[in-house]
Amino acid sequence: MIKISKAKPKESQSIRQFEQLVWNETDITSPYDIVSFVTYGYVFLAEDTEKDKDKIVGTIVAIKTKDNEIRIVDWIVHEQYRHTGIGTRLYKRLRKEIGNLTMIAYVESDNTASIEGHKKLGFKPTKKVKDPFFIGEKKNWLVMKSK
């Protein structure tokens, strides 16, 4: 059974390890930043309570901007659990928490699965940007918004 719940600060490092595992990258979020996201932002977990007690299989991480919009920082579902509705459930839980605030997601322009998933959730591409995280990337990203 998949349980969706609001993350607790004590789960911060487990979330970070999950991000690193799924994306095979070590620099997703720092050990210090993730606890701030959990404490002051909106972080929800999808956990498989049957296969492995409280094994994280998905997460959504978001923060409120100075413009009173919700910026999606991460939306991750483990590859084995994709196309099962977990990503949609995570977004619905976030929506329940934030009400009618606008959500903004940056999606790599070649990530068609994420683009299509966001469109199904009511997001619309608004513009293309390069290097939205100021790390020297040459890739294009789509800015997607949802009401």
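**Exercise 1. The pocket lining**

Task: Find which strand gives the most to the lining of the largest pocket, then describe that pocket.

Solution:
1. Strand 4 gives the most to this lining, with seven residues. The model is a predicted one.
2. Strand 4 covers 70-77. Other elements that supply at least two lining residues each are helix 2 (33-40), helix 3 (86-98), strand 5 (103-108) and helix 4 (112-120).
3. In total, 39 residues line the largest pocket. W23, W75, I76, N111 and S114 lie nearest its centre.
4. Sort the lining by class: 18 residues are nonpolar, 10 polar and 11 charged.
5. The volume of the largest pocket comes to about 1,300 Å³.

**Exercise 2. The sheet**

Task: Work out the strand order of the open sheet, and explain why one side of strand 1 and of strand 6 is left without a neighbour.

Solution:
1. Seven strands make up the open sheet, in the order 1-2-3-4-5-7-6. Their pairing is mixed.
2. Read the two ends. Strand 1 (2-6) and strand 6 (124-130) are at the edges. Each has a single partner strand, so one side of each lacks a neighbour in the sheet.
3. Check the twist: on average, neighbouring strands are turned by 25° against each other, direction ignored.
4. Take one edge. Strand 1 runs antiparallel to strand 2 (residues 42-48), and five bridges join them. K6 stands opposite F44 in strand 2.

**Exercise 3. Helices on the sheet**

Task: State which strands helix 2 touches and which strands helix 3 lies across.

Solution:
1. Helix 2 packs on the sheet and touches strand 2, strand 3 (55-64) and strand 4. Its direction makes about 100° with that of strand 2.
2. Helix 3 lies across strands 1, 2, 3, 4, 5 and 7, the last being 140-146. Helix 3 runs at about 155° to strand 4.

**Exercise 4. An aromatic link**

Task: Identify the aromatic pair formed by W75 and say what it ties together.

Solution:
1. The whole structure holds two aromatic pairs.
2. In one of them, W75 pairs with Y91. The centres are 4.8 Å apart. The planes make 65°, and the pair is edge-to-face.
3. Place the residues: W75 is in strand 4, Y91 in helix 3. The pair therefore ties together parts 16 residues apart in sequence.

Definitions and conventions:
Residues are numbered from 1 along each chain as its sequence is written. This is a predicted model: local features need pLDDT of at least 70, side-chain atom pairs count only at pLDDT 80 or more; totals for chains, interfaces and linings use all residues. Side-chain values use heavy atoms; hydrogens and water are left out. On a 1 Å grid over the protein atoms alone, a cavity is a set of points where a 1.4 Å probe fits but cannot get out, and a pocket is an open set with protein on both sides within 12 Å along at least five of seven lines; lining residues have an atom within 4 Å of a point. Grid points are joined across faces, edges and corners, and a volume is the space filled by probe spheres set on the points. Helices (H or I, at least four residues) and strands (E, at least two) are DSSP runs, numbered from the N terminus. Ala, Val, Leu, Ile, Met, Phe, Trp, Tyr, Cys and Pro count as nonpolar, Asp, Glu, Lys and Arg as charged, and the others, Gly among them, as polar. Two strands pair if DSSP finds at least two bridges between them. Axes are lines fitted to C-alpha atoms, for helices over the stretch in contact, and angles run from 0 to 180 degrees between N-to-C directions. Contact means heavy atoms within 4.5 Å. Rings of Phe, Tyr and Trp (its six-membered ring) pair if their centres lie within 6.5 Å; planes under 30 degrees apart count as stacked, over 60 as edge-to-face and the rest as tilted.
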